[in-house]
Amino acid sequence: AARTAAWTAVVFHHTIYSSGDHGSALRLRANLAPIFDRHHVDLVFMGHDHDYERTVPLRADQVVPPGAGTVYVTTGGGGRSIHAVGASWFTAYAESTFHFVRVAVDADALRLQMIRADGRIGDETLLVKGTPPTPRCGNDLADQEGERCDGADHVGCIAGCLPDCTCAPACGDGHVDEPAEACDGAADTACPGRC
């Protein structure tokens, strides 16, 4: 209630909106969701279920327009085991995968990304208060069509990111893109015994 920050996030273990193995902890939801609604909480991060699930914005246990409710994220893909996940009336995206969740805040815009173990973005959403910033190469977020990386956001590139938001060429990147390479992982058609 006393917060002055532009964004508010809550973190706890048991998930109150879940389509995974354990499902929703309904008693916790009944006790906590009204508090989150009253104090305009933007994001709630939960674990317990070994999967990833992001809800649509919710308020008073109802779907509301973006910016008018709380987004609940189950992020339980950190390393032990992965379990199946379904979908419910509140699900925006769900996936059974090892992952981590990254949040980047740029003033009135908050970008949430689920990053799979291989470095690829599996899910992404943008929460906005006011007018969102224009996506561009060089803003440290892979947030445009065709961007494989962007400055500090280089998790998908084994050799780092170039100024044009593409991956620097490297052996092992799956492309024959260096002068000395005759093959490279997925692009090894020139090598009968594979690269």
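These are my notes on two sheets, two loop residues and one aspartate in a predicted model.

**Entry 1: the mixed sheet**

I started with the open sheet of 5 strands and wrote down its order as 1-2-6-3-7, with mixed pairing. Its edges are strand 1 (9-11) and strand 7 (91-95), each of which pairs on one side only. From one strand to the next I get an average twist of 10°.

Then I looked up how strand 7 is held on its paired side. Strand 3 (residues 52-55) runs antiparallel to strand 7, and 4 bridges join the two. For a landmark on screen I picked Thr-55, which stands opposite Thr-91 in strand 7.

**Entry 2: the antiparallel sheet**

Next came the open sheet of 3 strands, in the order 8-9-10 and with antiparallel pairing. Here strand 8 (99-106) and strand 10 (121-128) are the edge strands, each pairing on one side only. The twist averages 15° from one strand to the next.

I followed strand 8 into strand 9 (residues 109-116): they pair in the antiparallel sense over 8 bridges. My landmark for this pair is Val-105, with Leu-110 of strand 9 opposite.

**Entry 3: positive phi outside glycine**

I went through the backbone angles and stopped at His-40, which is not a glycine but has a positive phi of about 55°. I find His-40 in the loop between helix 1 (26-38) and strand 2 (43-46).

Ala-60 went on my list too, with a positive phi near 55° and again no glycine. Ala-60 sits in the loop that links strand 4 (58-59) to strand 5 (62-63). Is Ala-60 buried or exposed? I noted a relative accessible area of 55%, so Ala-60 counts as exposed, the cut-off being over 50%.

**Entry 4: Asp-150**

Last, I turned to Asp-150, in the segment after strand 10. What caught my eye is that Asp-150 is buried yet has no salt bridge. Which side chain of opposite charge is nearest to Asp-150, and how far away is it? I got Arg-136, at 6.6 Å; a salt bridge needs the atoms within 4 Å, so this pair does not qualify.

I then checked the backbone for partners. A polar atom of the Asp-150 side chain lies 2.9 Å from the backbone nitrogen of Gly-138. The Asp-150 side chain also reaches the backbone nitrogen of Asn-139, at 3.3 Å.

For the surroundings, I listed what Asp-150 touches beyond four places away in sequence: Arg-136, Cys-137, Gly-138, Asn-139, Asp-140, Leu-141, Ala-142, Cys-161 and Cys-165. Arg-136 is thus among the residues touched, although Asp-150 has no salt bridge.

Terms used. Residues are numbered from 1 along each chain as its sequence is written. This is a predicted model: local features need pLDDT of at least 70, side-chain atom pairs count only at pLDDT 80 or more; totals for chains, interfaces and linings use all residues. Side-chain values use heavy atoms; hydrogens and water are left out. Two strands pair if DSSP finds at least two bridges between them. Helices (H or I, at least four residues) and strands (E, at least two) are DSSP runs, numbered from the N terminus. Axes are lines fitted to C-alpha atoms, for helices over the stretch in contact, and angles run from 0 to 180 degrees between N-to-C directions. Buried means under 20% relative accessible area, exposed over 50%, partly exposed in between (1.4 Å probe, protein chains only). Lys and Arg count as positive and Asp and Glu as negative; His and the chain ends are not counted. A polar contact is a pair of N or O atoms within 3.5 Å; within protein, one must be able to donate a hydrogen and the other to accept it, and residues adjacent in sequence count only if both atoms are side-chain atoms. Contact means heavy atoms within 4.5 Å.
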